[in-house]
Amino acid sequence: MGSGPQPTDTVESVMIRAETGCLLGTRAGDVLDVLERLDLEYMPVVDSFVTRLPVGIVARRDLRRLVAAEPKDARVAQVLTAGVPTVERQARLWQLGDRLTAIPAVLVVDQAGALVGYLDLARLRRIWREP
């Protein structure tokens, strides 16, 4: 694995920081614009911007299809993937185990359960290939 991340490193050390996410009622087109501008594949969805408790995640590809069909009225809730596993920011990478096989991302939370970021399978594969 070289000098890249090691299985004993924390999830926080390699996660994509996303301390707010978006809400269920957010316009899908607005979230799609952000994802495309930042070149990200996913956006976490939270219950509110106060508690930031994770509800799920939306994928850029799903948002694209939705916005193409309903450009003005489409909402994030229509393409939400719920039941996304969460891990605490101090979890070690080896502790992810097979969580990233059925669902392409895990949401990273603090000790209170508030969203601090996420880690997707594609990013994990990329960082382990880094020299």
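Reader: In the open sheet of four strands, what is the order?
Author: The model is a predicted one. The pairing within this open sheet is mixed. Its four strands follow one another in the order E1-E7-E6-E5.

Reader: Which are the edge strands?
Author: The sheet is open, with the order E1-E7-E6-E5. An edge strand pairs on one side only, and this holds for E1 and E5. The edge strands are therefore E1 and E5.

Reader: How many bridges join E6 to E7?
Author: Strands E6 and E7 stand next to each other in the order E1-E7-E6-E5. The two run antiparallel. Two strands count as paired at two bridges or more, and the number of bridges joining E6 to E7 is five.

Reader: Which residue in E7 is the bridge partner of Val 106?
Author: E6 covers residues 105-109 and E7 covers residues 115-120. The partner of Val 106 is found in E7. That residue is Leu 119.

Reader: How many salt bridges does a search of the whole structure find?
Author: Side chains of opposite charge can pair when their charged atoms come close. To be counted here, a side-chain nitrogen of Lys or Arg must lie within 4 Å of a carboxyl oxygen of Asp or Glu. Over the whole structure, the number of salt bridges found is eight.

Reader: How many residues apart are Arg 89 and Glu 12?
Author: Arg 89 and Glu 12 form a salt bridge through their side chains, at 3.4 Å from N to O. Arg 89 belongs to the loop between strand E5 (86-88) and helix H3 (99-102), whereas Glu 12 belongs to the segment before strand E1 (16-17). The pair thus links distant parts of the chain, and the separation is 77 residues.

Reader: Is Arg 89 buried, partly exposed or exposed?
Author: A residue is buried under 20% relative accessible area and exposed over 50%. The relative accessibility of Arg 89 is 25%. Because this value falls in between, Arg 89 is classed as partly exposed.

Reader: In the salt bridge of Asp 39 with Arg 60, how far apart are the closest N and O atoms?
Author: Asp 39 and Arg 60 form a salt bridge. This pair links distant parts of the chain, with Asp 39 in the loop between helix H1 (28-38) and strand E2 (42-46) and Arg 60 in helix H2 (residues 60-69). The closest N and O atoms of the two residues are apart by 3.5 Å.

Reader: Which residue is linked with Asp 39 and Arg 60 in a network of salt bridges?
Author: Asp 39 is exposed, at 58% relative accessibility, whereas Arg 60 is buried, at 8%. Both take part in a network of salt bridges. The residue linked with them in this network is Glu 41.

Reader: What is the value of phi near which Asp 39 is found?
Author: Most residues other than glycine have a negative phi. Asp 39, in the loop between H1 and E2, has a positive phi although it is not glycine. The phi of Asp 39 is near 55 degrees.

Reader: How many residues apart in sequence are the parts tied together by Asp 110 and Arg 52?
Author: Asp 110 and Arg 52 form a salt bridge whose closest N and O atoms are 4.0 Å apart. Asp 110 lies in the loop between E6 and E7, and Arg 52 lies in the loop between E2 and strand E3 (54-59). The pair therefore ties together parts of the chain whose separation in sequence is 58 residues.

Reader: Is Asp 110 buried or exposed?
Author: The cut-off for a buried residue is under 20% relative accessible area. Arg 52, the salt-bridge partner of Asp 110, has 21% and is partly exposed. Asp 110 has 18%, so Asp 110 counts as buried.

Reader: Tyr 42 and Tyr 118 form an aromatic pair; how many degrees lie between the planes?
Author: A search of the whole structure finds one aromatic pair. Tyr 42 and Tyr 118 form this pair, at 6.4 Å centre to centre, and the geometry is edge-to-face. Tyr 42 in strand E2 and Tyr 118 in strand E7 are 76 residues apart, and both are buried. The angle between the planes is 80 degrees.

Reader: Which element supplies the largest share of the largest nonpolar core?
Author: The largest nonpolar core has 14 residues, and those with the most contacts inside it include Cys 22, Ala 28, Met 43 and Leu 63. H1, E2 and H2 each supply at least two residues of this core. The largest share is four residues, and the element that supplies them is H1.

Conventions:
Residues numbered from 1 in each chain as written. Predicted model: local features only at pLDDT ≥ 70, side-chain atom pairs only at ≥ 80, totals over all residues. Heavy atoms only, no water. Buried < 20%, exposed > 50% of the residue type's maximum accessible area, 1.4 Å probe, protein only. Phe/Tyr/Trp six-rings, centres within 6.5 Å; stacked < 30°, edge-to-face > 60°. Core = buried A, V, L, I, M, F, W, Y, C linked by side-chain atoms within 4.5 Å.
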